[in-house]
Amino acid sequence: MVDGGVGTDTLIVRDSTLDLTNIDDTILKNIEVIELDNASGTTVNLKSNDLAALLETGNTQLIINGTSNDVVEFNDSFVPGGTQTIGDVTYDVYTYGANTVLVSEDIASDVVIPSTPGPDS
């Protein structure tokens, strides 16, 4: 288990994939910033329940920093909502309910609608 505890805590990811949809929600807690640090790029997969599990109680914002080699895929109905600048970094803003993810503008980010087996209805 990784528990950032109180305050602003950063998870540095050097792997090519961080699939939070396949990590038990009790494994990573109280993380406010994810720093993607793989020169070849990292793909992050995230659902709304993963976001809620990551954040410290009372915190509603996750920041993801990275480069143009990185990708963030939201596997839920996150809503894109413009940009926000913190310091000299501009972030694309995505919300789900009361929670917000700020994704460094350099990172490719998409809201992915997962497919389900069977015929379309």
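In the predicted model, strand E11 has two sets of side chains: Asn 99, Val 101 and Val 103 point one way, whereas Thr 100, Leu 102 and Ser 104 point the other way. All of these residues are buried. Strand E11 is thus described as mostly covered, with six of its six residues buried. In a regular strand, side chains alternate between the two faces of the sheet.

Strand E11 belongs to an open sheet of six strands, ordered E2-E5-E7-E11-E10-E9, in which the pairing is mixed. Strand E2 (10–13) and strand E9 (79–86) form the edges, each pairing on one side only. From one strand to the next, the twist averages 20°. Strands of a sheet pair through backbone hydrogen bonds, in either the parallel or the antiparallel sense.

Both senses occur around strand E11. Strand E7 (residues 61–65) runs parallel to strand E11 (residues 99–104), and four bridges join the two. Within this pairing, Ile 63 stands opposite Leu 102 in E11. Leu 102 is one of the residues that share a direction with Thr 100 and Ser 104. Strand E10, by contrast, pairs with E11 in the antiparallel sense, over six bridges. Here Asp 92 is found opposite Val 103 of E11, and Val 103 points the same way as Asn 99 and Val 101. Strands E10 and E11 form a hairpin with two residues between them. In the turn, Gly 97 has a positive phi of about 60°.

Strand E10 also contributes to the aromatic contacts. The structure holds three aromatic pairs. The ring centres of Phe 74 and Phe 78 lie 4.6 Å apart and the ring planes meet at 40°; this pair is therefore tilted, since the tilted class covers plane angles that are neither under 30 degrees nor over 60. Phe 74 counts as buried because its relative accessibility is 0%. Phe 78, with a relative accessible area of 4%, is buried as well, the cut-off being under 20%.

Phe 74 forms a further tilted pair with Tyr 94, with a centre-to-centre distance of 4.6 Å and an angle of 35° between the planes. This pair links distant parts of the chain: Phe 74 is in strand E8 (residues 71–74) and Tyr 94 in strand E10 (residues 89–96), 20 residues apart. Phe 74 and Tyr 94 are both buried. Ring pairs link Phe 74, Phe 78, Tyr 94 and Tyr 96 into a cluster.

Technical notes: Residues are numbered from 1 along each chain as its sequence is written. This is a predicted model: local features need pLDDT of at least 70, side-chain atom pairs count only at pLDDT 80 or more; totals for chains, interfaces and linings use all residues. Side-chain values use heavy atoms; hydrogens and water are left out. Two strands pair if DSSP finds at least two bridges between them. Axes are lines fitted to C-alpha atoms, for helices over the stretch in contact, and angles run from 0 to 180 degrees between N-to-C directions. Rings of Phe, Tyr and Trp (its six-membered ring) pair if their centres lie within 6.5 Å; planes under 30 degrees apart count as stacked, over 60 as edge-to-face and the rest as tilted. Buried means under 20% relative accessible area, exposed over 50%, partly exposed in between (1.4 Å probe, protein chains only).
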